[in-house]
Amino acid sequence: MLKGENIICISSIDWDFIWQGHQQIMSALAKNGNKVLFIENTGVRSPGIRDASRIKSRIKNWLKGVKGIREESENLYIFSPLVLPFPYSRPARWINRRMILSILERWTRVMDFADPIVWTFLPTPLSMDIAENVVKKLFVYYCIDNFSVSSASANKIRSSEKKLLEKADLVFVTSRELYNYCARHNKKVYKFPFAVNFEIFEKVNSSETSAPEEFRGINRPVIGYVGGVHKWIDLDLIRRLAEARPGYSFVFVGPIQTNVQRLSDLKNVHFLGKKEHGKLPLFIKYFDAGIIPYLITDYTRNVYPTKLNEYLALGKPVVSTALPEILEFNKEFGDVVYVAGVDAGSFGESLEKAVREDSGPLRGKRIEIARLNNWENRIEKMSGLILQEIRVKRSDEKARWKENLVNFYKIARNNTLKAVLACLSVYILLFKTPFVWFLAEPLRISDKPAKADVIVVFGGGVGETGNPSNSAMERARYAS
């Protein structure tokens with residue numbers, strides 16, 4: 001794993017959001033002796049009323065630190081920048097770039113934070129501005145979402161993402177669909193789906209624990225879901241399943257991010273809200289099956305559900321709709337996931353089968369598969385690619401020293417030539433052409449003089465003839 005490096009992470013989520021790969025990777029790298037600056041989400045769309053709590057939280061986090069930067073733990077620093085909320089406006093982008101880079105410049109100088117690896121999850125124009133204006137060792141893009149299809153406003157991100165892909169030294173992706181997309185713009189693309197912090201789940205699995213208090217009064221079998229309750233969940237499917245199987249309890253552990261009103265009248269559907277990441281294994285442990293009931297859309301075709309390996313790490317059977325990444329997972333690990341259709345009949349039958357067939361040998365197989373998909377393995381492999389690319393870049397720089405030196409002098413000569421030409425052009429324009437007289441034309445008095453009782457004549461200066469000694473007489477004659 002990487003050690004002794006400086007890393008700037010441009011994140012697509014905030015540090016206090018649902019624990020995902022962003023926090024997991026950067027906290028692991030910090031623990032391994034790397035100094036990490038985690039820049040919280042600067043936005044892919046303009047915020048609305050629903051974002052009021054997030055804006056309030058950002059302001060609080062800014063005030064907690066110095067110019068928005070605070071120390072989270074040893075080697076790990078969080079930057080909560082205040083930015084103008086117009087990610088695709090050129091003036092706002094210019095202002096945001098100036099504000100963020102000025103803070104970064106001072107902080108990196110104070111912290112002796114030189115020559116960092118820039119690792120971005122966010123392909124916005126502002127992210128590209130930050131990456132391009134930081135003197136860096138390597139530029140890594142971890143593509144975890146197809147932002148351009150996540151919402152209408154995020155579609156504007158496509159051009160900046162293309163530019164970012166072309167500039168990146170390495171590109172990591174979480175799915176086959178994203179691999180195919182990114183490989184069109186970059187030759188160094190590697191697939192690394194989000195993994196599981198296996199050690200935490202293993203400890204919970206092997207220890208004697210009682211069910212969380214929230215499970216009191218909830219009947220078994222418990223069909224569980226962990227993660228954000230968002231618009232990609234097929235809530236109509238959940239309703240039909242719950243109505244068809246009143247003896248099953250459908251439990252959702254995670255923040256509600258969409259309208260779930262259509263399920264509010266169902267007694268066997270329970271929303272337990274957001275829980276600390278470290279406590280999630282305690283909830284999953286008391287599931288009888290884990291579900292991934294996603295709609296099949298252009299967005300979810302790119303999704304590798306992180307919860308998949310979290311369910312498997314505790315030996316739980318998993319039932320999912322036919323997401324492309326789930327089908328890929330089954331090909332690699334031998335149909336370990338029960339894949340169902342989006343109709344309640346098919347999904348319900350798969351649920352019953354998953355609960356009915358569950359056994360010790362199957363649980364052991366699932367746990368071993370999750371062990372292979374743990375974060376330690378993922379980060380180790382990513383680190384290897386990063387170190388290899390750093391060596392290649394250094395080798396290329398040494399091999400091309402003569403070419404680089406020639407290019408340096410060529411650029412310096414061209415800049416000098418441009419400066420000389422510019423000065424010469426200004427000299428000719430001012431002293432060898434009537435340009436100055438042209439500019440002064442509005443000052444010329446062309447109206448016929450009116451008769452006056454008194455005329456005052458000021459002497460001095462140079463008259464029309466250009467002779468300083470005759471200027472007063474010239475003006476007196478003109479006045480008379």
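At what angle do helix H4 (residues 125-132) and helix H5 (residues 158-167) pack, and how many Å apart are their axes? In this predicted model, the angle comes out at about 30°, with the axes 9 Å apart. Angles under 35 degrees count as roughly parallel, so H4 is roughly parallel to H5. As for handedness, the H4/H5 crossing is left-handed. On the H4 side, the contact is made by Pro125, Met128 and Glu132, which meet Ser160, Lys163, Leu164 and Lys167 of H5. Sorted by character, the residues of this contact come to 3 nonpolar, 1 polar and 3 charged.

Then there is the sheet. Its 8 strands line up in the order E3-E4-E2-E1-E5-E6-E7-E8, and the sheet is open, with mixed pairing. Strand E3 (69-73) and strand E8 (189-191) sit at the edges, each pairing on one side only. Going from one strand to its neighbour, the turn averages 20°, direction ignored.

Helix H1 (residues 21-31) packs on this sheet, and its contacts take in strand E1 (6-10), strand E2 (35-39), strand E4 (76-79), strand E5 (117-120) and E6. Relative to the direction of E2, that of H1 makes an angle of about 155°.

A look at one strand pair fills in some detail. Strand E6 (residues 138-143) and strand E7 (residues 170-173) run parallel and are joined by 4 bridges. Within this pairing, Val140 has Leu170 in E7 as its bridge partner.

Key
Residues are numbered from 1 along each chain as its sequence is written. This is a predicted model: local features need pLDDT of at least 70, side-chain atom pairs count only at pLDDT 80 or more; totals for chains, interfaces and linings use all residues. Side-chain values use heavy atoms; hydrogens and water are left out. Two strands pair if DSSP finds at least two bridges between them. Helices (H or I, at least four residues) and strands (E, at least two) are DSSP runs, numbered from the N terminus. Axes are lines fitted to C-alpha atoms, for helices over the stretch in contact, and angles run from 0 to 180 degrees between N-to-C directions. Contact means heavy atoms within 4.5 Å. Angles under 35 degrees count as roughly parallel, over 145 as roughly antiparallel, 65 to 115 as roughly perpendicular and the rest as oblique. A crossing is left-handed if the near helix is turned anticlockwise from the far one by less than a right angle, and right-handed if clockwise. Ala, Val, Leu, Ile, Met, Phe, Trp, Tyr, Cys and Pro count as nonpolar, Asp, Glu, Lys and Arg as charged, and the others, Gly among them, as polar.
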